[in-house]
Amino acid sequence: MDKPVKDAGGGSKRGEGKDGKFTVNRRDFLRGVAVVGGAAFLGSPADALASRELTGWPDRVGMLTDLTECVGCRTCESACNAANGLPAPEVPFDEKSVFERKRRPTASAYTVVNRYGNAKGSGNPIYRKVQCNHCEEPSCASACPVRAYTKTPEGPVLYDKDVCFGCRYCMVACPYYAPAYDYESALEPRVVKCTMCHGRIKAGGIPACAGSCPVGAITFGNRTKLLKIARERIRKFPDRYVDQVYGEFEAGGTSWMYLSGIPFGELDFPTNLPRKPIVENTRGFLSAVPLVLTLWPALLGLCYTANRNKEEKG
């Protein structure tokens, strides 16, 4: 089996210590700090935690990726780059050597496909597409001190580079490690990530990756209907799928969901996420401590970035 990528996900044992007790690693701790700091910066704790307004859009759409169907052709990667005007990759899209290492989305690739070993059935490798999962209640939006993120009624989570000042709290807060930082633009710091082709959706179209998949491994549509499709596939083919729709409940649920033939932890999906949105887990903390104690991370980040930008421009 391929070696899991560093920081690419937790695996099923990430939060479990040797004695069976739940533990918090450094990344999870920093994620909590980022969410708390950003939420506190947005306003009073009560306001920051009123994230329920981000949910409940009845007609929101989603994507369902069936990992048992994906053949690793990377056509979705190519379509994504073309739709977003991204440069051609260093390794051509038809070059299979790219699977020798695990990759994460970058400023020049909003989605990537990784390959995993498979001890089940035929033993054919499993391919996992990675991109922003567009959370129902995104922790990146809760962590952002300047509201650069928006959960749209259609479902995609969008990022406004004109508001962002480059603190990168969103990158720490994301449980899926999806946002990437564009280090090529030193004077104009910005975070980049999948937009789920929001413009296409608004115009009545479908995301480029879903439209280009030659084997129909990616299905676009109403999120509620996608869940019904996923459950029906599991019911009809219980030997083919694990009994779980990843993204239905994780961290409050996501717009991007997955079906798999092997446990998701073996594919580097974080499996220790709570069913509630991550910001909900900070409710007690924000209610118990003075606001000033939760502001310091955001304030330090703001001061650091402001000074850095001043030096770079000066």
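Here a biologist and a modeller talk through a pocket, a sheet and a helix in this predicted model.

Biologist: What should I know about numbering and confidence?
Modeller: Residues are numbered from 1 along each chain as its sequence is written. In this predicted model, local features need pLDDT of at least 70, and side-chain atom pairs count only at pLDDT 80 or more.

Biologist: Happy to start with space: what makes the second largest pocket a pocket?
Modeller: On a 1 Å grid over the protein atoms alone, a pocket is an open set of points with protein on both sides within 12 Å along at least five of seven lines. About 370 Å³ of space lies in this one, the volume being what probe spheres set on the points fill.

Biologist: Which residues line the second largest pocket nearest its centre?
Modeller: Lining residues have an atom within 4 Å of a point; there are 18, with Pro-89, Arg-101, Thr-106, Ser-108 and Ala-109 nearest the centre.

Biologist: Why do E8, E1 and E9 count as paired, in the order E8-E1-E9?
Modeller: Two strands pair if DSSP finds at least two bridges between them. Four bridges join E1 (residues 61-66) to E9, running parallel, so E1 and E9 meet that definition. Thr-65, for instance, stands opposite Tyr-258 in E9.

Biologist: What makes E8 and E9 edge strands?
Modeller: Strand E8 (218-222) and strand E9 (256-259) each pair on one side only.

Biologist: Which residues of helix H3 are called buried?
Modeller: Cys-76, Glu-77, Ala-79, Cys-80 and Asn-81 in H3 (residues 75-84) are, so each has under 20% relative accessible area with a 1.4 Å probe, protein chains only. Their cover includes strand E2 (112-116) and helix H7 (208-212), by contact, meaning heavy atoms within 4.5 Å.

Methods
Heavy atoms only, no water. 1 Å grid on protein atoms, 1.4 Å probe; cavity = no way out; pocket = protein on both sides within 12 Å on 5 of 7 lines; lining within 4 Å. Helix = DSSP H or I, 4+ residues; strand = E, 2+ residues; numbered from the N terminus. Buried < 20%, exposed > 50% of the residue type's maximum accessible area, 1.4 Å probe, protein only.
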